[in-house]
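Me: I am new to this structure and would like to understand what the descriptive words rest on. Could you take me through it with the definitions set beside the values?

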Amino acid sequence: MPQIIAQPLTATAFAPFGDVLEASGDFRLINAGLCQRHHDRAKLDFGPDGRAGVSIFKAVPRSLPYAFDLIERHPDGSQAFVPMTADPFLVIVSQGPEATPLAFLTDGSQGINLHRGVWHGVLTPLHAPGLFAVVDRIGPTANLEEHRYSESWTVLAP
């Protein structure tokens with residue numbers, strides 16, 4: 001079984017796949033100076049026939065090492081995952097089914113936005129309750145392609 005080692009999620013490392021949603025870097029003060037607005041953090045893309053939808057996902061927690069054999073992508077729109085708890089989660093991405101996947105661990109305060117068409121693993125919380133707000137495309141197409149590897153990959157802790 002091939003193995004990959006999870007790495008900490010950073011905006012630079014994740015840039016080919018999407019956006020890291022975090023309260024860092026430039027901001028402007030709003031609400032009488034009591035709130036930092038970290039503005040326009042994700043490239044949301046819902047295609048010409050789609051619209052933004054907000055859903056709540058509740059996923060079963062997993063643990064490391066974690067084995068997987070499925071990746072998927074959404075060819076018609078982006079998909080953002082914003083955790084509703086302060087727990088780390090695992091993010092798996094790949095340049096394609098033939099490429100070696102990469103695994104990232106969030107720090108408990110980060111969300112992600114996967115760009116349109118990016119191959120990725122399923123939602124993988126590491127702690128209960130596994131609650132996420134998901135902003136993605138609502139439209140007339142299925143917007144899902146899946147690929148199963150012939151052999152499972154195992155993600156190891158850093």
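Me: Which strand gives the most to the lining of the largest cavity?

Reply: Strand β9 does, with 4 residues, where strands are DSSP runs of E with at least two residues, helices are runs of H or I with at least four, and both are numbered from the N terminus. This is a predicted model, in which local features need pLDDT of at least 70 and side-chain atom pairs count only at pLDDT 80 or more, while totals for chains, interfaces and linings use all residues. Residues are numbered from 1 along each chain as its sequence is written, and side-chain values use heavy atoms, with hydrogens and water left out.

Me: What makes a space a cavity, and how many cavities of 30 Å³ or more are there?

Reply: On a 1 Å grid over the protein atoms alone, a cavity is a set of points where a 1.4 Å probe fits but cannot get out, whereas a pocket is an open set with protein on both sides within 12 Å along at least five of seven lines; lining residues have an atom within 4 Å of a point. By this rule there are 2 cavities of 30 Å³ or more. The largest cavity has a volume of about 100 Å³ and the second largest about 40 Å³, a volume being the space filled by probe spheres set on the points, with grid points joined across faces, edges and corners.

Me: How do the residues lining the largest cavity divide by class?

Reply: They divide into 9 nonpolar, 2 polar and no charged; Ala, Val, Leu, Ile, Met, Phe, Trp, Tyr, Cys and Pro count as nonpolar, Asp, Glu, Lys and Arg as charged, and the others, Gly among them, as polar. The lining includes Phe-81, Leu-90, Ile-112 and His-120, and β9 (89-94) and β11 (111-114) each supply at least two of its residues. The lining of the second largest cavity has 7 nonpolar, 3 polar and 1 charged residues, with Thr-85, Asp-87 and Pro-125 among them.

Me: What is known of the largest pocket, and which residues lie nearest its centre?

Reply: The largest pocket holds about 150 Å³ of space and is lined by 13 residues, of which His-74, Asp-136, Arg-137, Ala-142 and Asn-143 lie nearest its centre. Strand β14 (residues 131-138) gives the most to this lining, with 3 residues, and by class the lining has 3 nonpolar, 7 polar and 3 charged residues.

Me: Why is Ser-78 called buried or exposed?

Reply: Buried means under 20% relative accessible area, exposed over 50%, and partly exposed in between, with a 1.4 Å probe and protein chains only. Ser-78 has 1% relative accessibility, and therefore counts as buried. Ser-78 lies in the loop between β7 (66-73) and β8 (79-83), and, leaving aside neighbours within four places in sequence, Ser-78 is in contact (heavy atoms within 4.5 Å) with residues including Lys-43, Asn-113 and Val-135.

Me: How is Thr-154 classed, and where does it lie?

Reply: Thr-154 counts as buried, because its relative accessibility is 10%. Thr-154 lies in strand β15 (residues 145-156) and, not counting residues up to four places away in sequence, touches Met-1, Pro-2, Gln-3, Ile-4, Pro-65, Tyr-66 and Ala-67. The Pro-65 in that list follows Leu-64 through a cis peptide bond, with omega near -5°, and lies in the loop between β6 (51-58) and β7.

Me: Why does Pro-129 fall into its accessibility class?

Reply: Pro-129 has 31% relative accessibility, so it counts as partly exposed. Pro-129 is placed in the loop between β13 (124-125) and β14, and a cis peptide bond joins Ala-128 and Pro-129, with omega about 15°.

Me: What makes Ala-32 and Asp-40 notable in their phi values?

Reply: Ala-32 has a positive phi of about 60° although it is not a glycine, and Asp-40, also a residue other than glycine, has a positive phi near 50°. Ala-32 is exposed because its relative accessible area is 80%, and Asp-40 counts as exposed because its relative accessibility is 63%.
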